[in-house]
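Reader: I want a close look at one loop and whatever it leads into. Keep it brisk, and tie each step to the next. Where does the chain go from there?

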Amino acid sequence: MNTQFRHHKLSADDESRLVYVKPVSVADLPEEVQEQAEGLEVLFAVHDSDGQQLALVADRKLAFTLARQHDMQPMTLH
């Protein structure tokens, strides 16, 4: 079976609005952040395309919601 895949090429403006969401182990974070994690083992970081961390939140759904509320396009980063 031959299936054509058409991908949408992102414009420069689209690319600047991409943010990446990735899980972060609380154990890998600074102690003051660990204290604020309130028993969570994993937090979710939101990064821009340059790798700058924009936010650190309690769950993946919140990370995606936060990004969309700021007109960003979230993507999962493994």
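Author: Start with E38, which sits in the loop between α2 (31–36) and β2. Keep in mind that this is a predicted model. E38 is not a glycine, yet its phi is positive, about 50°. The residue is exposed, at a relative accessible area of 73%. That value clears the cut-off, since exposed means over 50%.

The loop leads into β2, residues 42–48. Here the picture turns. Five of the seven residues in β2 are buried, so the strand counts as mostly covered.

Now the partners of β2. One is β1, residues 18–25. β1 and β2 run antiparallel, and seven bridges join them. Two pairs show the register. V24 stands opposite L43 of β2. Y20 stands opposite H47 of β2.

Another partner of β2 is β3, residues 53–57. This pairing is also antiparallel, over four bridges. F44 has V57 of β3 as its bridge partner. The hairpin of β2 and β3 has four residues between the strands. Within that hairpin G51 takes a positive phi, near 95°.

One general point helps when you look at side chains along these strands. In a regular strand they alternate between the two faces of the sheet.

β1 has a further neighbour, β4. Four bridges join β1 to β4, and these two strands run parallel. V21 stands opposite T76 in β4.

Next comes what lies against the strands. Helix α3 spans residues 60–69, and A63, F64 and A67 are buried in it. Seen down the axis of α3, its buried residues fall within an arc of 95°, so they line one face of the helix. What covers them? The cover of the buried residues of α3 includes β1, β2, β3 and β4 (73–76). So β2, where the E38 loop leads, is among the elements covering that helix face.

The other face of α3 is turned away from the buried side. It carries the exposed residues K61 and Q69. K61 also features at the start of α3. There a side-chain oxygen of D59 reaches to within 3.2 Å of the backbone nitrogen of K61.

After α3 comes D71, with a positive phi near 60°. D71 is not a glycine either. D71 is found in the loop between α3 and β4. D71 is exposed, at a relative accessible area of 56%. Set it beside E38: a non-glycine with positive phi, in a loop, and exposed at 73%.

How far should you trust this? The average pLDDT of the protein is 85, and 81% of the residues score at least 70. Confidence is highest in β1, at 96. It is lowest in helix α1, residues 12–16, where the mean is 61.

To retrace the path: begin at E38 in its loop and step into β2, with five of its seven residues buried. From there, cross to β1 over seven bridges or to β3 over four. From β1, go on to β4 through the parallel pairing. Then look at α3, whose buried residues are covered by these strands among others.

Key: Residues numbered from 1 in each chain as written. Predicted model: local features only at pLDDT ≥ 70, side-chain atom pairs only at ≥ 80, totals over all residues. Heavy atoms only, no water. Buried < 20%, exposed > 50% of the residue type's maximum accessible area, 1.4 Å probe, protein only. Pairing = 2+ DSSP bridges. pLDDT = per-residue confidence, 0-100. Arc of directions from axis to C-beta. Contact = heavy atoms within 4.5 Å. Polar contact = N/O pair within 3.5 Å; in protein donor to acceptor, adjacent residues only side chain to side chain.
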